[in-house]
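Me: I am new to this structure and would be grateful for a close look at a single part of it. Please choose one region, describe how it is packed, and then place it among its surroundings.

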Amino acid sequence: MAPHPAVQAIIDLSAGAVGGAACVFSGQPLDTAKVKMQTFPTMYRGFIHCVTSTYKQVGVRGFYQGTTPALMANIAENSVLFMSYGFCQQVIRYSAGLESEAVLSDMQKASAGSVASIFSSLVLCPTELVKCRLQAMFEMEASGKIAKSQNTVWSVVKSIMRNEGPQGFFQGLTTTIAREVPGYFCFFGAYELSRTAFADYMKCAKDDIGVGPIVFSGGLGGACLWLIVYPMDCVKSRIQVMSMTGKQAGFFKTFMTIARSEGVRALYSGLTPTMIRTFPANGALFLGYEASRKLMMKHFDS
């Protein structure tokens, strides 16, 4: 028996939260390297240089700066994302005149994921803003752009409230949505197509392909997402971090400024740690989501 829509929403929300937490714990150090390289592309010669410099400057804890807001960001984002993903699938079934239990095609699921990402952007933007500022705090102080300050979650939140007001938490929202909508179409599309390919090869249902194929499919989805949207993510990180120094230009102006003054290559600064991180982090995300969702759904099987 299928659960009530409200119960289904709670299951999707809870499973998304489990997946989001798994994603952070498996990929936070590489995410920190990504943000540092995006914000200060000329400060580091490459990925290895960024990692060794961070370790020398602040030790291992430097890689875990921003873990608390990252956990909040990922749990909030993935809870809303997967809950909205389930809801958007129902909307697609309704608009296509399908039964409520009908299985959607991989492209229909990709479209549902794309629309769902708009809702998750609203909760992701404020928490990711705090995370990015914490991750790039050392470089902002070292380059003289800001005075030395406490680098805790609460001090960053207070600073935003005092200097920019509540709307300050939504610096980079347009860029976040511009990144998420095409990105999550590729993310869910690649994930579902990969699971279908594994299911066809293994001659079993998509839900029974096992841990390895789920982790690989999640990693492939993440790789496709980042390859498509990386320049937009770079602009978003730059807007969110540099807005600490005052009013920051919008998406198109920041994009053109980076491309003109630093070259197109600067828009891809930090891509190496992102691509290394995507397989363990997104593999863990989908494994956490699928496993916990399956466990909760078992209680409603007739």
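Reply: The part chosen here is the surroundings of Val-156, a residue that lies in helix α6, which spans residues 153-163. The model is a predicted one, and the description below should be read accordingly.

Val-156 itself comes first. Its relative accessibility is 5%, so Val-156 counts as buried. Apart from neighbours within four places in sequence, the residues in contact with Val-156 are Val-130, Arg-133, Leu-134 and Met-137. A further link concerns Leu-129, which is 27 residues away from Val-156 along the chain; the C-alpha atoms of these two residues are 9.6 Å apart.

These contacts lead to the packing of two helices. Two packed helices are described by the angle between their axes and by the distance between the axes. For α4 and α6, the angle is about 115 degrees and the axes are 10 Å apart. The helix α4 is therefore roughly perpendicular to α6. The crossing in which α4 passes α6 is right-handed. On the side of α4, the contact is made by Leu-129, Val-130, Arg-133 and Leu-134, while α6 contributes Val-153, Val-156, Val-157 and Ile-160. By class, this contact of α4 with α6 comprises 7 nonpolar residues, no polar residues and 1 charged residue.

Helix α4 also packs against another helix. The axes of α3, residues 67-95, and α4, residues 106-135, come within 7 Å of each other and cross at roughly 165 degrees. The helices α3 and α4 are therefore roughly antiparallel to each other. Their crossing is right-handed. The contact of α3 with α4 has 18 nonpolar, 8 polar and 4 charged residues.

The description now turns to Glu-164, which is found in the loop between α6 and α7, the latter being residues 173-202. Glu-164 has a relative accessible area of 17% and is therefore buried. Leaving aside neighbours within four places in sequence, the contacts of Glu-164 are with Arg-133, Ser-159, Gln-171 and Ser-243. Arg-133 thus appears among the contacts of Glu-164 as well as among those of Val-156.

Beyond this loop, Thr-175 is found in helix α7. Because its relative accessibility is 1%, Thr-175 counts as buried. Not counting residues up to four places away in sequence, Thr-175 touches Met-232, Val-235, Lys-236, Ile-239 and Phe-251.

The loop between α7 and α8, with α8 covering residues 211-242, holds Lys-203. Lys-203 has a relative accessible area of 73% and is therefore exposed. Most residues other than glycine have a negative phi. Lys-203, although not a glycine, has a positive phi of about 55 degrees.

A last point concerns the cysteines. A disulfide is a covalent bond between the sulfur atoms of two cysteines. A search of the whole structure finds 0 disulfides. Cys-186 is in no disulfide, and the nearest cysteine sulfur, that of Cys-224, is 6.6 Å away. This separation between the sulfurs of Cys-224 and Cys-186 is too far for a bond, since a disulfide requires the sulfur atoms to be within 2.5 Å. With a relative accessible area of 28%, Cys-224 is partly exposed.

Terms used: Residues numbered from 1 in each chain as written. Predicted model: local features only at pLDDT ≥ 70, side-chain atom pairs only at ≥ 80, totals over all residues. Heavy atoms only, no water. Axes fitted to C-alpha atoms, helices over the stretch in contact; angles between N-to-C directions. Helix = DSSP H or I, 4+ residues; strand = E, 2+ residues; numbered from the N terminus. Parallel < 35°, antiparallel > 145°, perpendicular 65-115°, else oblique. Left-handed = near helix turned anticlockwise from the far one by under 90°. Nonpolar A, V, L, I, M, F, W, Y, C, P; charged D, E, K, R; others polar. Buried < 20%, exposed > 50% of the residue type's maximum accessible area, 1.4 Å probe, protein only. Contact = heavy atoms within 4.5 Å.
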